[in-house]
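Let's take a walk through a protein chain together. Have the 3D view ready, and turn it as you read.

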Amino acid sequence: MPTVYEQVKSKMLELCRENNLLGEKIVIRARTLTPEEAIGNPEGNDFPLQKGKERLMQAEFRGALGQAFTDRFGDFEGTLDEIFNMPLKNNYRRALFVAALNAVLKHLGLIGGTVHCRDEGPAECATQIAPFIKERAGLAKITQIGFQPAIAEALARAFPFRLLDLDPDNIGRKKFGIVVEGPEATEDAVAWADLLLITGTTITNDTIGRFLNTKPTVFYGTTIAGAAYLMGWDRFCAASR
């Protein structure tokens with residue numbers, strides 16, 4: 001069976017061919033945004049971007065912007081054909097692919113919410129997450145994959161809740177009344193949950209396959225925008241642009 005990346009690539013290449021994009025000499029630029037450029041000054045200081053663990057790669061295509069979280073970042077310039085046919089063998093290449101994917105789909109008018117929210121945006125987003133989930137799953141047991149502090153705080157108050165993260169600085173620490181668990185707890189936390197709330201960064205760090213087809217799932221964030229559209233995944237991202 002094709003991997004999730006092969007499926008996303010196949011759908012994206014088909015769209016590009018239908019719109020006669022692959023044959024054009026189109027330049028995609030990706031640059032690394034500083035925390036200030038990316039999210040401004042949100043309340044709190046516990047966001048991954050602020051801690052320097054990750055950066056946002058930004059692709060621009062015909063004026064449309066697409067972003068992707070990654071821990072491996074750098075610049076790239078080339079054609080769409082190069083981007084969408086490159087081997088996705090590390091986080092840097094996956095981030096380039098995802099950022100470009102988001103920018104092109106935004107240009108085509110097929111998706112929105114491809115640019116990270118700023119300033120009060122994360123707090124505004126968090127006020128909407130509990131009603132969003134309750135509408136879909138009632139008072140479900142939630143396992144959140146990836147630490148987004150505003151969302152985690154809102155969910156910990158409203159649901160039976162577990163939180164997993166890859167950052168060793170977070171693992172084992174108590175946040176909002178619960179202890180953050182590491183990747184070794186994944187199997188148990190997934191089995192426990194009624195619904196998984198998963199960071200879109202899983203598509204750039206190649207962990208997404210661990211969570212697909214296990215439980216009802218909602219992805220959150222800008223990174224997953226294009227892939228969620230192409231694959232029909234449920235996504236929450238209330239304050240992005």
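We'll start with the whole chain and then look at some of its side chains.

Keep in mind that this is a predicted model. Scan along the chain and you'll come across nine helices and eleven strands. How much of the chain is buried? Of its 241 residues, 54% are. The surface that the chain does expose comes to about 10800 Å², and 47% of that is supplied by carbon and sulfur atoms.

Now think about who touches whom. Take the contacts with a separation of 6 or more: 59% of them are between residues 24 or more positions apart.

R162 lets you see contacts up close. You'll find R162 in strand β6, which covers residues 161-164. Is R162 buried or exposed? Its relative accessible area is 14%, and buried means under 20%, so R162 counts as buried. And what is R162 in contact with, once you set aside its neighbours within four places in sequence? The list is I142, T143, Q144, I178, E181, D188, A189 and W192.

Next, the rings. To describe a pair of aromatic rings, you give the distance of the centres and the angle of the planes. Searching the whole structure turns up four aromatic pairs. One of them is F84 with F97: the ring centres are 5.6 Å apart and the planes stand at 90 degrees, so this pair is edge-to-face. F84 belongs to helix α4 (residues 80-85) and F97 to helix α5 (residues 91-107), so the pair links distant parts of the chain, 13 residues apart. Both F84 and F97 are buried.

Compare that with F219 and W233. Why does this pair count as tilted? The planes are at 35 degrees, and tilted covers angles that are neither under 30 nor over 60, so the label fits. The centres of these two rings are 5.1 Å apart. F219 is in strand β10 (residues 217-220), while W233 is in the loop between α9 (225-231) and β11 (235-236), so the pair ties together parts 14 residues apart in sequence. F219 is buried at 1% relative accessibility, and W233 also counts as buried, at 19%.

Rings can have charged partners too. Look at K134: its charged end sits over the ring of F159, 5.7 Å from the centre. Then find R136, which lies over the face of F132, 3.6 Å from the ring centre.

Methods:
Residues numbered from 1 in each chain as written. Predicted model: local features only at pLDDT ≥ 70, side-chain atom pairs only at ≥ 80, totals over all residues. Heavy atoms only, no water. Helix = DSSP H or I, 4+ residues; strand = E, 2+ residues; numbered from the N terminus. Buried < 20%, exposed > 50% of the residue type's maximum accessible area, 1.4 Å probe, protein only. Contact = heavy atoms within 4.5 Å. Areas by Shrake-Rupley, 256 points an atom, 1.4 Å probe, with all protein chains shown as cover. Phe/Tyr/Trp six-rings, centres within 6.5 Å; stacked < 30°, edge-to-face > 60°. Lys NZ or Arg CZ within 6 Å of the ring centre and 35° of its normal.
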